[in-house]
Amino acid sequence: QTSVCTNSIDTNSQVCSLQWNKHDKELVSSHGFSQNQLIVWKYPTMAKVAELTGHTARVLHLSLSPDGTTVVSAAADETLRFWKVFAPMETKKAAARDTKSVFAGISIR
């Protein structure tokens, strides 16, 4: 069913931004008062995986790196912080693809 709230988590601080993990069922949230932290959550259980601290003011924005492993946070403390939070995607399919010849499936006469 659509348009139904399926879960709700009290984070005990202002939620400012969210970013999904591209390769796994996780997300990271950024927060303001009172901790100014980032939290990594397992989805859908919403179990807290990690709490990342360092900003001294509200974390306003998150962005994910092209490889999906690093989150950059921008905060009102006028800093950008780079966090290695997600593991790289390593699958058998990707490994098999890397070992195939670029000429696989091409018939040359």
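Two strands count as paired if DSSP finds at least two bridges between them. Keep that in mind while looking around this predicted model.

Let's start with a hairpin. Strand β3 (residues 38-42) and strand β4 (residues 47-52) clear that cut-off with 5 bridges, and their pairing is antiparallel. One spot to look at is K42, whose bridge partner in β4 is A47. Between the two strands of this hairpin sit 4 residues, and M46 takes a positive phi near 60° there.

Further along the chain there's an open sheet of 3 strands, laid out in the order β5-β6-β7 with antiparallel pairing. β5 and β7 each have a single partner strand, so one side of each is left without a neighbour in the sheet. From one strand to the next, the twist averages 25°. Within this sheet, β5 and β6 run antiparallel and are joined by 5 bridges. Want a contact to find on screen? L64 has V71 in β6 as its bridge partner.

Here are the two antiparallel pairs side by side:

| Strand pair | Bridges |
|---|---|
| β3 (residues 38-42) and β4 (residues 47-52) | 5 bridges |
| β5 and β6 (residues 70-75) | 5 bridges |

How far does the predictor trust all this? The protein chain has a mean pLDDT of 87, with 83% of its residues at 70 or more. Among its elements, β6 has the highest mean pLDDT, 98, while helix α1 (residues 92-99) has the lowest, 51. Where pLDDT is low, the predicted coordinates shouldn't be read in detail.

Definitions and conventions. Residues are numbered from 1 along each chain as its sequence is written. This is a predicted model: local features need pLDDT of at least 70, side-chain atom pairs count only at pLDDT 80 or more; totals for chains, interfaces and linings use all residues. Side-chain values use heavy atoms; hydrogens and water are left out. Axes are lines fitted to C-alpha atoms, for helices over the stretch in contact, and angles run from 0 to 180 degrees between N-to-C directions. pLDDT is the predictor's confidence in each residue, from 0 to 100.
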